[in-house]
Amino acid sequence: MALFDSIDRRGFLKALGSAGAVGALAPQRLMAQESEPAAKWQNWSGNQTANPAQLLFPRDEAALRNAVTASDAGLRAFGGSHSFSAVVPTDDTLISLEAMAGLRQQDGERFTWGGGTRLAMASAQAHSLGHSFLNEPDINLQSLAGAIATSTHGTGTGLTSLSGQVEALRLMLPNGDSLTLDHSDGDRFLAACCSVGALGIVTDITFRHAPAYRLKEHTWTLPLREAMDFVEKEKDRFRHIEFFAFPLGEKAIVKTMEITDDPEDSPAREDDNELLELVSKLAMHAGWLTPSLQKLVTLFVEDSTFTGPSHTVFANRRTVRFNEMEYTVPAEDGIACLEEVCDTLRKEDINVFFPIEFRYVAEDDRLLSMYHQRPGASLSIHQYFAQDYQKVFQPVEPILRRYQGRPHWGKLHSLGRDELAELYPAFDRFQQVRKELDPQGRMLNAHLKRLFA
């Protein structure tokens, strides 16, 4: 999340000091980290952990087949561990595809990648070969198999999620059989492109990439109401458009990206993570400062541009941990829904410093995609990892549901099978494929049983 990329850091810290905010708490308390015993597996934010009976790292398809057929116990796979929902934890067999990474084949614009390939690696290598992903999210730590499993996405009214970009894939079933699937395979393919890992293990993925392109990013601030009006009016004019809403400060950071012929690369982005960590801790311990901190952040964000190859402009390095809930509502209802969410956070005086990220994504035909047959507006609500996220998510989730929001599979939500079946038109079609390919339900952990069983 590109929160502070354009901020005047020196000016911001000076203003904090003038306001007495930095001295509100001792620095050693602000930056202290509570020590916890290391788990065998945990996700990026630390809210999900697991102690599986075995943790395996197969190096090839044969080793993976041996792993999945060695017993009848449950199976789960993990990639970059960047999901906040409990899609990974299991007490049985947990499998990493980290060793099954790299470019498998290139045929013109069709690139086949190992499922364990990190998006950052794939996008950089594709660029070196003269190609780019059609679109990318702003965090690129995910494995490609994990990213398509949850319809990970960027922003742009004419651009689909990564799941929508898949041309073909190879899927290993719980019985050890492998299927190579493409559009000709109908619902099997459409289910496997966004499956939450409930069908089997995706070992290879083929994308159709675009010729390599460069992007120019423009970032600036607006009052929140003006940002809402601007983005709603101009959403189809830019290839990429999004904004970060600060409800308590009633400000917003707006970002657009367009393809450019400008050959000059901007200097590398400054690392703002230490500053973001400091401000997040300050807001957590001194909640009365949060509205002022939100206003102060936007006051010191400079109107700026950043230019470079697409994969370097899309990506942002984020080390400050948070937990996240994301729902996608119909595109035409996005701003109205966001207004209600912001009003609720203000009226209930909920202490949350992180902004709400608002993005548009094109519709697709993947069965469990949040964008199935419906272009969407995605609202991502974040809370600093050390704070109780339920205090934010519980009052907001009913609003998102009233707007027929579909939850992101990798983000926190409270819905079960019955509610999901009402929201996802192709839910029953997915269930039919799932029962066919995994009749024993070996790919279902406790969380997925709640979603599908």
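**View 1. Five strands build an open, antiparallel sheet in this predicted model.** The strand order is β6-β7-β11-β9-β10. Strands of a sheet pair through backbone hydrogen bonds, either parallel or antiparallel. β6 (103-107) and β10 (178-182) occupy the edges. Each has a single partner strand, so one side of each lacks a neighbour in the sheet. On average, neighbouring strands are turned by 15° against each other, direction ignored.

**View 2. The edge strand β6 pairs with β7.** β7 covers residues 110-114. Four bridges join the two strands, which run antiparallel. One residue pair can be picked out here: D107 has R110 of β7 as its bridge partner.

**View 3. Helix α3 lies across three strands.** The helix spans residues 61-69. The strands beneath this heading are β9 (166-172), β10 and β11. Relative to β9, α3 runs at about 50°.

**View 4. The largest cavity holds about 640 Å³ of space.** Its lining counts 45 residues. Closest to the centre are S83, G146, A147, T150 and T152. Elements giving two or more residues to this lining are β4 (75-78), α5 (144-149), β11 (201-208), β17 (322-330) and β18 (356-361). Which element gives the most? α5 does, with five residues. By class, the lining divides into 20 nonpolar, 18 polar and seven charged residues. Rolling a probe the size of a water molecule over the atoms shows where empty space is left. Across the whole structure, the search finds three cavities of 30 Å³ or more.

**View 5. The second largest cavity has a volume of about 70 Å³.** Its lining includes the acidic-lettered positions E136, D138, E242 and E357. K255 and R359 also line this cavity. The remaining lining residues are P137, G154, T155, M257 and F314. β15 (251-260) and β18 each supply at least two residues of the lining. Which classes make up this lining? Six residues are charged, three are nonpolar and two are polar. β18 also gives two or more residues to the lining of the largest cavity.

**View 6. Confidence drops over residues 22-39, where pLDDT stays under 50.** For this stretch the model has 20 contacts beyond four places in sequence. Where pLDDT is low, the predicted coordinates should not be read in detail. The protein chain averages a pLDDT of 92. Of the residues, 91% score at least 70.

Note on methods: Residues are numbered from 1 along each chain as its sequence is written. This is a predicted model: local features need pLDDT of at least 70, side-chain atom pairs count only at pLDDT 80 or more; totals for chains, interfaces and linings use all residues. Side-chain values use heavy atoms; hydrogens and water are left out. On a 1 Å grid over the protein atoms alone, a cavity is a set of points where a 1.4 Å probe fits but cannot get out, and a pocket is an open set with protein on both sides within 12 Å along at least five of seven lines; lining residues have an atom within 4 Å of a point. Grid points are joined across faces, edges and corners, and a volume is the space filled by probe spheres set on the points. Ala, Val, Leu, Ile, Met, Phe, Trp, Tyr, Cys and Pro count as nonpolar, Asp, Glu, Lys and Arg as charged, and the others, Gly among them, as polar. pLDDT is the predictor's confidence in each residue, from 0 to 100. Contact means heavy atoms within 4.5 Å. Two strands pair if DSSP finds at least two bridges between them. Axes are lines fitted to C-alpha atoms, for helices over the stretch in contact, and angles run from 0 to 180 degrees between N-to-C directions.
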